[in-house]
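Biologist: Thanks for sitting down with me over this one. Could you walk me through the reasoning behind your labels?

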Amino acid sequence: MGKIKKNPILEKLGLEVDEVRAAFSVPAPKKPKKKKNYLYRAEQRKMSNRMRKCKNLIFARYEAGIHPKTIAKAIGVSEESVRVRLRASGFFTQS
């Protein structure tokens, strides 16, 4: 996978990171949680409710020249949700 970085100061002292953590009763850092690439049903409902409430806001902001990504951040939904809503309303025309 990858090399574990060694601390040069600890190497000079002949110590390992785990030994130092144990001596000072410091727990090892937790591994980061894996990010999920999907929404659960409750999250889908929240997103669709926001989209329903903010429908006119999305159109007005897009007409004002604001990028869909910025609109999505302001509302708290994904950029693709905003683009789909704009596309369905005819803002993106196929040439």
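Modeller: Gladly, and please keep in mind that this is a predicted model. A good place to begin is the aromatic cluster formed by F59, Y62 and F91. The structure holds two aromatic pairs.

Biologist: What makes the pair of F59 and F91 stacked?

Modeller: A pair of aromatic rings is described by the distance of the centres and the angle of the planes. For F59 and F91 the centres are 5.2 Å apart, and rings pair if their centres lie within 6.5 Å. Their planes stand at 25 degrees, and the cut-off for stacked is under 30 degrees, so this pair is stacked.

Biologist: Where in the chain do the two partners sit?

Modeller: F59 belongs to helix α4 (residues 55–63), while F91 is in the segment after α6. They are 32 residues apart, so the pair links distant parts of the chain.

Biologist: And why is the pair of Y62 and F91 called edge-to-face?

Modeller: Here the centres are 5.7 Å apart, with the planes at 80 degrees. Since edge-to-face asks for over 60 degrees, the pair earns that name. This pair links distant parts of the chain too: Y62 lies in helix α4 and F91 in the segment after α6, 29 residues apart.

Biologist: How do you know whether F59, with its 16%, is buried or exposed?

Modeller: Buried means under 20% relative accessible area, so F59 at 16% is buried. Partly exposed covers the range between that and the exposed class, which starts over 50%. F91 at 27% therefore counts as partly exposed, and so does Y62 at 23%.

Biologist: Let's move to S81. Why does S81 count as buried?

Modeller: Its relative accessibility is 18%, and the limit is under 20%, so S81 falls in the buried class. S81 lies in helix α6 (residues 79–88). Leaving aside neighbours within four places in sequence, S81 is in contact with M47 and M51.

Biologist: What makes I9 exposed, then?

Modeller: The relative accessibility of I9 is 58%, and exposed means over 50%, so I9 counts as exposed. I9 is placed in helix α1 (residues 8–13). Together with L13 and L15, I9 forms a nonpolar patch on the surface, with about 300 Å² of accessible area between the three of them.

How values were computed. Residues numbered from 1 in each chain as written. Predicted model: local features only at pLDDT ≥ 70, side-chain atom pairs only at ≥ 80, totals over all residues. Heavy atoms only, no water. Helix = DSSP H or I, 4+ residues; strand = E, 2+ residues; numbered from the N terminus. Buried < 20%, exposed > 50% of the residue type's maximum accessible area, 1.4 Å probe, protein only. Contact = heavy atoms within 4.5 Å. Phe/Tyr/Trp six-rings, centres within 6.5 Å; stacked < 30°, edge-to-face > 60°. Patch = residues over 30% accessible without salt bridge, like charges linked within 9 Å, V, L, I, M, F, W, Y side chains within 5 Å. Areas by Shrake-Rupley, 256 points an atom, 1.4 Å probe, with all protein chains shown as cover. Salt bridge = Lys/Arg side-chain N within 4 Å of Asp/Glu carboxyl O.
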